[in-house]
Amino acid sequence: VGARLLSRAIAGQAWTFAGTGAFAIVSQAPLTFGITANPLVAGWHGTTPQCVWHAAVFERLFARLVWRDVRVRETHCCACGDAACRFELIPHQI
């Protein structure tokens with residue numbers, strides 16, 4: 001329940017995370033967020049995901065409020081040529 005409430009709160013204030021990009025809750029299982037046209041990596045090119053700031057913010061919020069041992073992994077990145085940056089939240093270390 002906490003994860004759904006926090007996810008909705010993030011979506012409601014998405015401009016703080018996505019700026020001019022578009023934030024979406026892509027999936028509930030696993031919980032996955034997406035940011036299209038991510039302004040933090042606009043014009044960047046890389047072979048590995050570059051959105052460490054977003055991953056750290058999502059991880060910190062969820063660790064403090066929902067899942068203490070959460071890990072956030074960026075699975076796709078606009079800087080790598082993907083259509084959107086995607087962040088998968090893993091509730092505990094496997």
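I will go through two parts of this structure, strand β2 with its partners and then helix α1. Keep in mind that this is a predicted model.

Start with strand β2, residues 31-36. Of its six residues, five are buried, so the strand is largely enclosed by the rest of the structure. Buried here means under 20% relative accessible area.

Which strands pair with β2? One is β1, residues 22-28, which runs antiparallel to β2 and is joined to it by six bridges. If you want a specific pair to look at, take Ser-27, whose bridge partner in β2 is Thr-32. The connection from β1 to β2 is a hairpin of two residues.

Another partner is β4, residues 84-90, also antiparallel to β2, with five bridges between them. Here the pair to find on screen is Gly-34, which stands opposite Arg-86 in β4.

Now helix α1, residues 2-12. Which of its residues are buried? They are Ala-3, Leu-6, Ser-7 and Ile-10. Around the helix axis these four span an arc of only 105°, which means they sit on the same side of α1. The face turned away from that buried side carries Leu-5, Arg-8 and Gly-12, which are exposed. So a leucine turns up in both lists: Leu-6 is buried, while Leu-5 is exposed.

What covers the buried residues of α1? The cover includes α2 at 15-18, α3 at 52-65, and the strands β1 and β2. That brings us back to the first part of the talk: β2, itself largely enclosed, is among the elements over the buried residues of α1, and so is its hairpin neighbour β1.

Key
Residues are numbered from 1 along each chain as its sequence is written. This is a predicted model: local features need pLDDT of at least 70, side-chain atom pairs count only at pLDDT 80 or more; totals for chains, interfaces and linings use all residues. Side-chain values use heavy atoms; hydrogens and water are left out. Buried means under 20% relative accessible area, exposed over 50%, partly exposed in between (1.4 Å probe, protein chains only). Two strands pair if DSSP finds at least two bridges between them. The arc is that of the directions from the helix axis to the C-beta atoms. Contact means heavy atoms within 4.5 Å.
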